[in-house]
Amino acid sequence: MAMDVVDYEIKGAEMQFVEVELDPGEAAIGEAGSLFFMDGSIDMDAVFGDGSSGGGGGFFGKLLGAGKRLITGESLFTTVYSNKGSSKARVAFGAPYPGKIIAMDLKQMGGMVICQRDSFLCAARGVSIGIHFQQKLGVGFFGGEGFIMQKLEGDGLAFVHSGGTVLKRTLLPGQTLLVDTGCLVAHTPNVNFEIQYVGKIKTALFGGEGLFLAKLTGPGDVWLQSLPFSRLASRIFAAAPQTGGGRTEQGGFGGLAAGGLLGGILGGDDE
């Protein structure tokens, strides 16, 4: 199916959203739960699978697309947003957590890009969302993303989300880059993705970076994120109270004073 050519604008700083402009008859596909807003002429339809066939492809084609999404941990359904009006209309998709939205023109990347699971946000209609199996045991067990990653195929625009600040690096043939295993967002298919042991027992045990690093070898492009969601979640969990006692950061007289002030605000003036 021919790809829809859409215009877009990414807005925001830490919490971004992408606003996609659709001509009459054009459509975009979005991940379930990613909608921010849409114009009144936009028709929203949940479809089985990734929506790349535009409603065609038969039952088994849709079933295969849905199965691929289920394996990557996504919903069985995606949502197609079609412009049924006679003029341009806009639909916007919001990021799920603080970070950056990356616009990827698949046509300029040879028609394919491999990205981490849960990173896909939205795309022009016609982009196929599949699965990519890691064929190396070390990468599958210790690469941070498991054996299965997402594969975006087509010649249209796709948008993926990363945590924190995003960095794009273009690697020359044979050039290598060592990265924390959770910081890889996406890479072009010709980049070689391996796992490398940190090299020293003391560093592995006390360095705080784990036993392995991701080794990326060019040629090709890689996109890195400064704050993986797994790291953000672990820091939030570590800072949260682990018992029912409601532990707070303040203690002693300062904690009592803050508690008294908060109680006065919530309780109101009894006089």
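Let's begin with a term: a residue is buried under 20% relative accessible area, exposed over 50%, and partly exposed in between (1.4 Å probe, protein chains only). You're working with a predicted model, where local features need pLDDT of at least 70, side-chain atom pairs count only at pLDDT 80 or more, and totals for chains, interfaces and linings use all residues. Residues are numbered from 1 along each chain as its sequence is written, and side-chain values use heavy atoms, with hydrogens and water left out.

**Exercise 1.** Work out the strand order of the sheet that contains strand 2, and find its edge strands.

Step 1. Get the terms straight: strands are DSSP runs (E, at least two residues), numbered from the N terminus. Two strands pair if DSSP finds at least two bridges between them.

Step 2. Read off the order: 4 strands make an open sheet, 1-2-7-4, with antiparallel pairing.

Step 3. Look at the ends. Strand 1 (7-11) and strand 4 (35-38) are the edge strands, and each pairs on one side only.

Step 4. Zoom in on the middle. Strand 2 (residues 17-22) and strand 7 (residues 89-94) run antiparallel and are joined by 6 bridges; Val18, for instance, has Phe93 in strand 7 as its bridge partner.

**Exercise 2.** Which residues does Glu19 or Glu21 meet in salt bridges?

Step 1. Know the rule: a salt bridge is a side-chain nitrogen of Lys or Arg within 4 Å of a carboxyl oxygen of Asp or Glu. By this rule the count comes to 7 salt bridges.

Step 2. Start with Glu19. Its partner is Arg90, with the closest N and O atoms 2.9 Å apart. Glu19 sits in strand 2 and Arg90 in strand 7, so this pair ties together parts that are 71 residues apart in sequence.

Step 3. Move on to Glu21. Its side chain meets Lys88 in a salt bridge (3.9 Å, N to O). Lys88 lies in the loop between strand 6 (77-83) and strand 7, while Glu21 lies in strand 2, so the two tie together parts 67 residues apart in sequence. Glu21 also forms a salt bridge with Arg90, at 3.4 Å between the closest N and O atoms.

Step 4. Check the accessibility. Glu19 is buried at 8% and Glu21 is buried at 16%. Arg90 is partly exposed at 25%, and Lys88 is partly exposed at 46%.

Step 5. Put the picture together: Glu9, Lys11, Glu19, Glu21, Asp23, Lys88 and Arg90 are linked in a network of salt bridges.

**Exercise 3.** Find the residues with the most contacts inside the largest nonpolar core, then list what Ala186 touches.

Step 1. Pin down the term: a nonpolar core is a set of buried Ala, Val, Leu, Ile, Met, Phe, Trp, Tyr and Cys residues joined through side-chain atoms within 4.5 Å.

Step 2. Pick out the hubs. The largest core has 20 residues, and Met104, Val113, Leu152, Ala186 and Trp223 have the most contacts inside it. Among the strands that each supply at least two residues of this core are strand 8 (99-105), strand 9 (112-115) and strand 16 (184-187).

Step 3. Follow Ala186. Leaving out residues up to four places away in sequence, Ala186 touches Met104, Val113, Ile114, Cys115, Asp221, Val222 and Trp223, where contact means heavy atoms within 4.5 Å.

Step 4. Don't stop there: a second, separate core of 17 residues includes Tyr81, Val91, Ile101 and Phe159.
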